[in-house]
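Work through the exercises below with the sequence and the model side by side. Each task is followed by a solution that proceeds step by step.

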Amino acid sequence: MTREQTVHPSGAIVRIRPLAELTTLRVGGPAEVWEVDDLAAAREAASEPFLALGAGSNLLVSDAGVNERVVKLGRGFDDGRAFGAEADVWLGAATPLPGLVRRAREAGLSGLEPLLGIPAALGGAIAMNAGTRHGEMSDTLQEVDILVNGNVERLPADALGLAYRRSSLPKGGLLLRARLALTPSTPERVAAAMAPVDAARQGQPKATSAGCAFKNPEGDSAGRIIDAAGLKGLRVGDAMVSHEHANFIVNLGAATAADVEALLKEIQERVGQPLEVEWQRWGV
Ligand SMILES: Cc1cc2nc3c(=O)[nH]c(=O)nc-3n(C[C@H](O)[C@H](O)[C@H](O)COP(=O)(O)OP(=O)(O)OC[C@H]3O[C@@H](n4cnc5c(N)ncnc54)[C@H](O)[C@@H]3O)c2cc1C
């Protein structure tokens, strides 16, 4: 297979791509990427061992890439444009979260305010139970359709093991669609509820990153701990602990996954207490 795209008989578009192109941290080697727009193509793509890719905003992919195929849901699973004024709504897992949050505000629907500024696709936001201290994905999620062993299963949210930045989806499961229940409100009230979330975001770096590198330990903040250890600006190659927010590792341009891994290890050794990496690591 070459970098040229091929169209599989199922309709899937298959191409070898560097995952650096598909992740926000901009590191990661090649993979066979299957982009799927309907159930038949998704079924075919998921018939071999695979990794599900959302917006790639919580991933550290090794420089050697991954052996599994990578399945990316395409436009057929993106309902961002169709989302309007319905409070109880099914949406495709490729729907970008930022657009959903914006549209919910415009429609005066409450529930997604805590997710303002998270650059996820809906499926990735569910898999990570994305959130902030103001709330998380599980607050509005009702049920999902998930492809498991070729069958679409409808599962209630409480069967997904959603907890702080984690889930326990069925092994080999590909989230296809999700039902969210929002609360009718007004655009003004929703905007007001978003204001503190927006304010908290202002201190975050705009530079290339994958968001927070470490989970917050119970009752504390990983950023505070790393900052207190004096590690802002610590650098391995082009990977650096952000000066603006110590829990962000930024890619200054040419960082490799090896640089980022070495920096993670250095931070963990220097802070003198266990810090758990929040990112999903592929192929390392
Ligand atoms: C600037 C910035 C700010 C951020 N701020 C926050 C924040 O405030 N709060 C927060 O929680 N996170 C934050 N993040 C991290 C990230 O956006 C979240 O973890 C998000 O939920 C990841 O979604 P994604 O679609 O990018 O998933 P990906 O990174 O593509 O994948 C993450 C995991 O989800 C799985 N997955 C993705 N799609 C599917 C699917 N359809 N079916 C099954 N599994 C799937 C993947 O296999 C992988 O294990 C931030 C990231 C950045 C870059």
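**Exercise 1. Determine which helices and strands each supply at least two residues of the shell around the ligand, and which one gives the largest share.**

Solution. Begin with the secondary structure, in which helices (H or I, at least four residues) and strands (E, at least two) are DSSP runs numbered from the N terminus. Strand 4 (50-53), strand 9 (131-132), strand 13 (174-181), strand 15 (209-212) and strand 19 (280-282) each supply at least two residues of the shell, as does helix 3 (122-127). The largest share, 4 residues, comes from helix 3. The model is predicted, so that local features need pLDDT of at least 70 and side-chain atom pairs count only at pLDDT 80 or more, whereas totals for chains, interfaces and linings use all residues. Residues are numbered from 1 along each chain as its sequence is written, and side-chain values use heavy atoms, with hydrogens and water left out.

Next, sort the shell by class, counting Ala, Val, Leu, Ile, Met, Phe, Trp, Tyr, Cys and Pro as nonpolar, Asp, Glu, Lys and Arg as charged, and the others, Gly among them, as polar. The shell then has 18 nonpolar, 13 polar and 2 charged residues.

**Exercise 2. Identify the residues that come nearest to the ligand, and describe its polar pairs with the backbone of Gly56, Asn58 and Gly131.**

Solution. There are 33 residues around the ligand (a heavy atom within 4 Å), and of these Ala52, Gly54, Ser57, Gly131 and Arg201 come nearest. An oxygen atom of the ligand lies 2.8 Å from a polar backbone atom of Gly56, and a backbone N or O atom of Asn58 is 2.9 Å from an oxygen atom of the ligand. For Gly131, the partner of the polar backbone atom is a nitrogen atom of the ligand, at 2.7 Å. Taken alone the ligand exposes 980 Å², of which the protein buries 91% (Shrake-Rupley method, 1.4 Å probe).

**Exercise 3. Compare the settings of Arg26 and Asn149, each of which has a positive phi.**

Solution. Most residues other than glycine have a negative phi. Phi of Arg26 is near 60 degrees, and this residue is placed in the loop between strand 2 (13-18) and strand 3 (30-36). Asn149, with phi near 50 degrees, lies in the loop between strand 11 (141-148) and strand 12 (151-156). For accessibility, buried means under 20% relative accessible area, exposed over 50%, and partly exposed in between (1.4 Å probe, protein chains only). Arg26, at 46%, is partly exposed, whereas Asn149, at 72%, counts as exposed.

**Exercise 4. Check the span of helix 6 (residues 257-271) and find what its buried residues pack against.**

Solution. The expected span is 1.5 Å times one less than the number of residues; for the 15 residues of helix 6 this gives 21 Å, and the end C-alpha atoms are 21 Å apart, which agrees. The buried residues of helix 6 include Val260, Leu263, Leu264 and Ile267. Its buried residues pack against helix 5 (222-228), and also against strand 5 (59-61), strand 16 (235-236), strand 17 (239-241), strand 18 (248-251) and strand 19. Just after helix 6, Gly272 takes a positive phi of about 75 degrees.

**Exercise 5. Is Asn129 buried or exposed, and which residues is it in contact with?**

Solution. Asn129 is found in the loop between helix 3 and strand 9, and with a relative accessible area of 0% this residue is buried. Leaving aside neighbours within four places in sequence, Asn129 is in contact (heavy atoms within 4.5 Å) with Glu136, Met137, Ser138, Leu162, Ala163, Arg165 and Arg166.

Methods
A polar contact is a pair of N or O atoms within 3.5 Å; within protein, one must be able to donate a hydrogen and the other to accept it, and residues adjacent in sequence count only if both atoms are side-chain atoms.
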